[in-house]
Amino acid sequence: MPRATGGFLERLDRGPVIGDGGFVFALEKRGYVEAGPWTPESVIEHPEAVQQLHREFLRAGSDVCQAFTFYASEDKLKNRGNAAGTHGVYAINEAAVKIVKECAYPEGALVAGGLSQTPTYITTVDKELVKAEVKKQLEVFKNTEVDLMICEYYEHVEEAEWHVEAVKEFMPGVPVCASLAINEESDVHGIPTGECGVRLARAGADVVGINCHFDPFRCLAATKEMVTAVRKAGFDKVHFMIQPLGYMTPDASLQGFIDLPEFPFALEPRVCTRFEMMKYARESWDAGIHFIGGCCGFEPYHIRAVSEELSKERGGYMPHGAVNYGKFLEKHTKPWVRARAGREYWENLKPGTGRPFSASLSKPEQWGVTAGHELVKQHEEETTREELDSGLAFKRQLLKSMN
């Protein structure tokens, strides 16, 4: 069966629409993104790597491919001495759209432009400055005529509202998705998660939801809060989206996996299995969420599991290399492996970590600093020794107060 056709909102009205996964983490592991800045200059410096990842997500079943423009605002590209800014905000965003269109359109997939939180917000909390910053990216997305916009990865609903408003003003008629990187309770300013969803809908978002920072099932719980509140507020036509981590984070605090001591280089023991992803996909669809994808840690095989689980709801479309609960294991040479060729085995497996002295949970660092705090103010100059020492001193004081 071929994948679905039609515009984005039309596809959502018909059934599940599968997104892609997390580019910054996937490309960092492959050596094409620098951890820390997490900026997408690889669209210019290594376009073949970005192109290959798009193709892998498409083969896995993605219906929407997002241009690799995460953290591609000019202030972020230049933040703390990052050299990515030398390429220019227009050039990076334009290259990202060109690459994704060349991959997505031949496969019948749609192309999304993307905005994310900005250093300008957490430094100034100034609406006009923030909107002026994101409009530098929107100029590219408008000129290249992307099919939809995804505003994602906001810890503060206020900034997400401003970005949605900017898209509606600058690109009228283009569908807008807005998702927050928050937990089941609230954003980092204490605004309840359900209320955040309502505020995004009032700002004009066509699709609202949750992405990143937390595992699939915690993101699902948070998105359900939005579903209930948004419907209660009377927004009957608004759709819902979910793009969680590919890592399990039951122990993550307010700011999610960033607070975990394993972030970002030792998260592998937390990686979700493809069968956990199938469960996540089914429960998301059953909750009324139609735009289902992933964020950091989501590899193509995770998206393939999501796509495979919802094949029936997608008109029978099956991604390349579908696992079918291990059906191919019937061909294995070892009889005990052949015995694993079935749904019951994989759905009930409790995988081991191979680390007998490793804790199952971690103690997250909770510094409690956010927009407006001196420690999170951003600038173009490189991080100074004084700033590093100030952060360490803050940590020591925090630990002292906890003892």
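This passage describes the packing, the enclosed spaces and the backbone geometry of a predicted model.

The nonpolar interior is considered first. In soluble globular proteins, nonpolar side chains tend to be buried together. The largest nonpolar core of the model contains 100 residues, and the members that touch the most others are Leu115, Met149, Leu180 and Phe257. Helix H6, spanning residues 89-104, contributes the largest share of this core, with 9 residues. Another core, of 12 residues, lies apart from it and includes Leu12, Leu110, Ala112 and Phe291. The surroundings of Met149 can be described in detail. When neighbours within four places in sequence are left aside, Met149 is in contact with residues including Gly113, Gly114 and Leu115. Its further contacts include Leu138 and Phe141, together with Val167, Met171, Val174, Pro175, Val176 and Cys177.

Aromatic side chains form a further set of contacts. A total of 18 aromatic pairs is found in the structure. In one of them, the ring centres of Phe275 and Trp346 are 5.2 Å apart and the ring planes meet at 15°, so the pair is classed as stacked, for which the planes must be under 30 degrees apart. Phe275 belongs to helix H12 (residues 274-286) and Trp346 to helix H15 (residues 343-348); the pair therefore ties together parts that are 71 residues apart in sequence. Phe275 counts as buried because its relative accessibility is 15%, and the limit for a buried residue is under 20%. One aromatic cluster is formed by Phe25, Trp38, Tyr247, Phe257 and Phe263. Phe257 thus appears both in this cluster and among the residues of the largest core that touch the most other members.

Charged side chains also meet aromatic rings. The charged end of Lys76 is placed over the ring of Tyr71, at 4.4 Å from the ring centre. Lys142 is positioned over the face of Phe170, 5.0 Å from the centre of that ring.

Open and closed spaces were examined next. Rolling a probe the size of a water molecule over the atoms shows where empty space is left. The second largest pocket holds about 910 Å³ of space. Its lining consists of 33 residues, of which Met248, Pro269, Val271, Glu276 and Pro351 are the closest to its centre. Helices H12 and H15, which carry the stacked rings of Phe275 and Trp346, each supply at least two residues of this lining. H12 gives the most to it, with 5 residues. The structure also holds 1 cavity of 30 Å³ or more. The space in the largest cavity is about 180 Å³. This cavity is lined by 15 residues, and those nearest its centre are Gly21, Phe23, Gln66, Phe70 and Glu152.

The backbone shows several notable features. Most residues other than glycine have a negative phi, and most peptide bonds are trans. A cis peptide bond, with omega of about -5°, joins Phe263 and Pro264. Pro264 is located in the loop between strand S7 (239-243) and H12, while Phe263 is a member of the aromatic cluster. Glu145, which is not a glycine, has a positive phi of about 55°. This residue is found in the loop between helix H8 (127-144) and strand S4 (148-154). Tyr325 likewise has a positive phi, of about 50°, and is not a glycine. Tyr325 lies in the loop between helix H13 (300-309) and helix H14 (335-338). Glu145 is exposed, with a relative accessible area of 61%, whereas Tyr325 counts as buried at 9% relative accessibility.

Conventions. Residues numbered from 1 in each chain as written. Predicted model: local features only at pLDDT ≥ 70, side-chain atom pairs only at ≥ 80, totals over all residues. Heavy atoms only, no water. Phe/Tyr/Trp six-rings, centres within 6.5 Å; stacked < 30°, edge-to-face > 60°. Helix = DSSP H or I, 4+ residues; strand = E, 2+ residues; numbered from the N terminus. Buried < 20%, exposed > 50% of the residue type's maximum accessible area, 1.4 Å probe, protein only. Lys NZ or Arg CZ within 6 Å of the ring centre and 35° of its normal. Core = buried A, V, L, I, M, F, W, Y, C linked by side-chain atoms within 4.5 Å. Contact = heavy atoms within 4.5 Å. 1 Å grid on protein atoms, 1.4 Å probe; cavity = no way out; pocket = protein on both sides within 12 Å on 5 of 7 lines; lining within 4 Å. Points joined across faces, edges and corners; volume = space filled by probe spheres on them.
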